[in-house]
Amino acid sequence: MSPAVTGSAFTLLDNFDGYDNSGDTNVSAGITNGVWNAEHDQTDFADIVDSASAPGNQVLTIHGGGNGGGGNWRGVDTDLSANWNAGVAHGNSATYFFQFQARSGGPSDFDVMMGLTDDVTNIDSNESWQDFAVMPFLVGPGSGGGGLTFRASKDGQPDEVILDGVALDQWYNVWLVVDNAAKTYDVYTSTDNAVPTLGANDATYRNGLGGGDLDAFGWMSGKDASVAFDNLYHAAGVDLSNPLALEPTFTAHVALNTGRVYLVNHDDEAVELDYYLLESEAGALSPSTWQSMADGDGSPTGWTQAGGATETQLAELNLTGSTVLEEDASMDLGSAYDPAVFGQLQEADLELKYGVAGQDALRIGGVAYFLDGDYNDSGLVEQGDLDLVLQNWGESVRPAAWSSSFQFDGFVDQGELDRVLQNWGDALSPSSASTSPLPEPGSAALLMLGGLAAGRASRSRRRVSLRKNVQRSATRFAFVPALLTLTALGVFAPTGQAQDTGYVFAYFQGGWPTGGHSGVYMEYSEDGLNFAPMNNGDPVFVPPEAWGPGTDTDINDEDQARDPSVVYGPDGYFHMVWTSGINTRSIGYARSADLQTWTDEQLIDIWDTSTVVNHTWAPELFYDEVNAKYQIIFASDLDGGDHKLYSITTDDFGSFSAPDVFYYNGATVIDAMIARDNDNNQYLMAIKDEQGDQKNIRLATGPTAQGPWSTSNPIIVGPGSAIEGNVTEGPSLLKIGDTWHMYYDAYGAGYFGVAATDDPDPTDASEWVNLTSQADLPSGHHGTVFAASLDTIAFDFLPYARSDLTGDETIDVADWTLFAAYHLVDLSQLGDPADYGDLDGDGDNDFTDFRLFQADYDRLNGDGSFAVMLDAVPEPAALALIAPVALACRTRRRYGAIR
């Protein structure tokens with residue numbers, strides 16, 4: 001049951017693999033550290049065991065008390081909000097994915113509930129069914145008559161059958177889609193990689209429950225039969241992707257430049273295909289040039305077009321049998337793709353579904369995009385592809401070096417050559433495709449040209465990313481073995497210089513309550529929207545081991561580093577504070593001159609021993625220039641009351657003032673972050689406000705950094721806002737230019753978001769817009785974004801560093817000239833290959849390095865600037881007149897650990 005590919009927006013809550021079940025596997029023995037609670041007194045009816053069908057995988061099994069077990073309902077439940085921040089608040093929607101397996105080999109009388117309730121403490125031992133608001137259930141005899149069904153229970157209405165004839169020892173995927181505004185739920189099911197099928201639609205909540213948040217999840221059994229559960233996931237909203245989906249082995253290969261489409265079987269077993277469906281929401285299919293198998297002309301028999309051929313769907317069904325595709329065999333569907341819609345963007349939206357003979361479920365296939373003529377799979381049709389054709393001319397077997405997207409037709413001959421020549425210079429977008437001169441037919445000399453076409457490398461890291469499709473002019477150029485001082489000749493004088501300030505996102509990873517043990521992570525951005533990992537994606541700071549064992553949440557275990565807050569002080573140090581543990585009276589502190597080496601770690605004891613306090617959470621650091629003091633604001637719940645904001649001050653992080661109430665508006669409030677609003681001569685404070693249990697972020701104002709703060713504050717993000725409906729926390733305010741940015745943790749949905757406004761009044765909530773879809777943000781929790789001078793940062797993560805071959809902290813024509821001179825040259829005898837254009841560290845200067853150089857050039861000097869520079873380079877004939885420059889005295893700035 002282990003996933004090969006994790007689905008889109010889902011967050012794994014539990015796969016039960018992290019618990020030690022080597023001894024007593026009984027849930028009541030505490031092996032889940034309280035994450036799962038056994039209900040009720042007969043706790044030995046819930047175990048974590050090794051899966052019978054997948055050795056090495058652990059699953060949860062439950063079985064009720066039955067007639068002789070001292071009571072009926074037994075099982076487990078968990079507090080979704082406390083353990084994972086994964087409850088579904090009133091007014092919101094969420095999807096819970098999990099798997100179940102009805103087990104054979106024991107009692108076969110099943111009555112198993114699975115679903116959500118509003119209060120985990122209310123589950124009754126004898127009538128548990130009365131306590132669930134959302135309750136699908138598995139019921140019936142599991143053998144003899146096939147009476148086992150999966151049903152949805154509804155309030156005052158007959159149960160709705162979700163899936164009839166549930167088989168024993170078969171894993172079923174379940175998507176439980178909860179609408180906590182309409183108070184209804186849907187249930188989808190599938191097996192393996194099959195498309196989810198809707199079984200229950202708008203089933204109503206039960207028992208009048210669900211008036212507020214649904215914060216608990218449970219699996220309960222009232223009979224003796226055993227059921228296994230595995231892989232519980234959560235996603236905000238509706239998500240019908242399969243987070244456990246295997247990598248598709250049946251794939252549509254789509255040529256982005258010519259529109260050719262092939263269906264290819266990559267499995268090592270034959271596929272008996274009897275149905276396929278290509279879909280494109282944007283209308284990127286071409287029915288007029290589609291070569292359907294029903295067209296005849298030697299095509300496989302029995303096929304007919306299904307559902308009508310349109311720009312949004314093309315489908316065929318075999319009415320008489322199937323077509324067998326052996327391993328790596330393909331079907332040619334002609335030019336079924338229309339390049340005019342997406343161009344050569346790999347983000348085209350084609351989807352493939354297909355049917356296999358003898359199986360009723362529709363399956364999900366993959367889509368692989370390629371360029372016709374790009375035989376080396378470089379993302380560009382260029383000299384390398386031409387070389388492959390010439391080197392393998394006349395071969396009657398598929399050449400080993402050829403891309404898997406190439407559909408081999410029996411010989412490497414004129415057809416392959418034509419595809420290279422006809423598509424010369426085509427590049428995957430986004431790109432600024434600069435193409436080398438096209439070889440003249442019949443000229444052997446021209447077939448040896450070392451041409452190279454430029455295509456800017458696109459960046460894709462996480463669920464959210466910024467993507468641009470900028471059309472740029474095609475520019476011809478050639479490499480020459482000479483170093484040129486073109487700036488001195490007046491050819492080109494770039495102005496791009498390394499910016500002085502960047503932006504750093506500090507955050508922690510892991511969920512509730514154990515997240516933060518791995519330390520603090522940081523990412524860097526030039527624009528405050530697109531961030532890249534520092535320190536190779538490893539933590540930049542890890543709490544001292546002496547502060548705790550790293551697993552417990554005891555009051556004395558303070559080795560977590562949650563909710564980091566960083567400020568650069570007038571003393572030339574970055575100062576950082578963080579939440580050191582879940583149940584603590586202290587916070588953590590350390591300082592660094594370069595964000596790489598951290599010293600002076602200490603636990604700051606906030607409360608005296610006579611004060612009753614459960615938590616000291618989310619410290620935020622602010623330097624008050626007026627009073628020349630650091631202000632630390634945090635949340636605590638004294639005497640079991642609401643969380644209020646408190647503050648302490650210091651000027652040296654050696655002595656601190658006593659804690660005072662800083663802000664309270666009558667409801668729990670945490671996560672305060674202060675920023676100076678110079679334009680309006682005021683201070684802004686973003687807070688997580690839990691009035692009405694909404695958990696949103698509001699913006700308060702005050703005349704000083706100590707307040708007094710406004711209490712009637714607008715909601716910027718979170719429930720009640722126009723731009724983000726998910727529950728949110730951990731706000732971070734930063735002004736970049738004229739634009740205020742608010743970064744936030746949409747913890748219920750599992751992602752960071754960012755909103756922005758350039759309105760003169762930042763408290764006008766109507767002027768804030770959601771920029772999350774345009775940003776590339778880290779994957780983690782509760783972060784702080786701060787400005788940092790690049791001269792103070794030790795990490796070599798700067799986008800231009802590797803391409804600054806001359807060491808003058810620019811990327812200009814001098815760097816390009818040096819790079820070009822050593823392209824495809826043996827660098828093994830020339831010292832450090834990085835000095836000669838080996839940007840990816842593999843020992844040579846090749847096409848990959850060129851793509852990196854061009855991307856760095858455009859990032860530093862502006863989009864399209866590389867093409868502009870090439871336009872200004874003299875023609876090759878003129879360049880030959882310029883004398884080579886010696887390589888003797890070259891100084892390169894050497895950067896830190898990351899390359």
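Good morning. I shall begin with the largest nonpolar core, a set of 50 residues in which Trp 36, Phe 100, Leu 116, Leu 138 and Trp 219 touch the most other members. Strand 6, residues 93–102, supplies the largest share of this core, namely five residues. Please bear in mind throughout that the model before you is predicted.

Let me stay with one of those core residues. Which residues does Phe 100 touch, leaving aside those up to four places away in sequence? The list comprises Met 114, Leu 138, Phe 150, Val 166, Gln 170, Trp 171, Tyr 172, Val 174, Val 227, Ala 228 and Phe 229. There is also a second, separate core, of 40 residues, and among its members are Val 261, Leu 263, Leu 325 and Leu 428.

For the overall setting, the protein has 899 residues, and 54% of them count as buried. Its secondary structure consists of eight helices and 45 strands. Among contacts with a separation of 6 or more, 62% are between residues 24 or more positions apart. The exposed surface amounts to about 35400 Å², of which carbon and sulfur atoms supply 47%.

I turn now to the aromatic residues. The structure contains 47 aromatic pairs. One of them is formed by Trp 36 and Trp 84, a tilted arrangement with 6.0 Å centre to centre and 55° between the planes. This pair links distant parts of the chain: Trp 36 belongs to the loop between strand 1 (11–14) and strand 2 (37–39), whereas Trp 84 belongs to helix 1 (residues 80–84), 48 residues apart.

Why do we call both of these tryptophans buried? Trp 36 has a relative accessibility of 2% and therefore counts as buried. Trp 84 stands at 16%, so Trp 84 counts as buried too.

Trp 36 has another partner as well: with Trp 219 it forms a stacked pair, 5.4 Å centre to centre and with 15° between the planes. Here too distant parts of the chain are linked, with Trp 36 in the loop between strand 1 and strand 2 and Trp 219 in strand 14 (residues 216–221), 183 residues apart. Like Trp 36, Trp 219 is buried. These residues belong to one aromatic cluster, made up of Phe 16, Trp 36, Trp 84, Tyr 96, Phe 98, Phe 217, Trp 219 and Phe 229.

Aromatic rings also meet charged groups in this model, and I have two examples. The charged end of Arg 591 lies over the ring of Tyr 573, 3.8 Å from the ring centre. The charged end of Lys 644 lies over the ring of Tyr 664, at 4.8 Å from its centre.

Next, the strands. How many residues of strand 9 are buried? Strand 9, residues 149–154, is mostly covered, with five of its six residues buried. Strand 9 pairs with strand 8 (residues 135–141) in the antiparallel sense, over five bridges. Within that pairing, Met 135 has Ser 153 of strand 9 as its bridge partner. Strand 9 is also joined to strand 10 (residues 157–164), again running antiparallel, by five bridges. There, Lys 154 has Gln 157 of strand 10 as its bridge partner.

Further along the chain is an open sheet of four strands in the order 41-42-43-44, paired antiparallel. Which strands form its edges? They are strand 41 (729–736) and strand 44 (769–770), each of which pairs on one side only. Strand 43, residues 751–757, runs antiparallel to strand 44 and is joined to it by two bridges. Ala 755 stands opposite Asn 770 of strand 44.

Among the helices, I would draw your attention to helix 3, residues 383–391. Its residues Gln 383, Asp 385, Leu 386, Leu 388 and Val 389 are buried. Helix 4 (414–422) is included in what covers the buried residues of helix 3.

My final site is Ser 828, which is located in the loop between helix 5 (813–821) and helix 6 (847–861). Is Ser 828 buried or exposed? Its relative accessibility is 51%, and Ser 828 therefore counts as exposed. Ser 828 and Gly 843 lie 15 residues apart in sequence, and their C-alpha atoms are 7.4 Å apart in space.

To close, I return to Trp 36. This residue is among the core members that touch the most others, and it also belongs to the aromatic cluster that includes Trp 84 and Trp 219. Thank you.

Conventions:
Residues are numbered from 1 along each chain as its sequence is written. This is a predicted model: local features need pLDDT of at least 70, side-chain atom pairs count only at pLDDT 80 or more; totals for chains, interfaces and linings use all residues. Side-chain values use heavy atoms; hydrogens and water are left out. Rings of Phe, Tyr and Trp (its six-membered ring) pair if their centres lie within 6.5 Å; planes under 30 degrees apart count as stacked, over 60 as edge-to-face and the rest as tilted. Buried means under 20% relative accessible area, exposed over 50%, partly exposed in between (1.4 Å probe, protein chains only). A charge sits over a ring if NZ of Lys or CZ of Arg is within 6 Å of the ring centre and within 35 degrees of the ring normal. Contact means heavy atoms within 4.5 Å. Two strands pair if DSSP finds at least two bridges between them. A nonpolar core is a set of buried Ala, Val, Leu, Ile, Met, Phe, Trp, Tyr and Cys residues joined through side-chain atoms within 4.5 Å. Accessible areas come from the Shrake-Rupley method with a 1.4 Å probe; for residues, only the protein chains shown count as cover.
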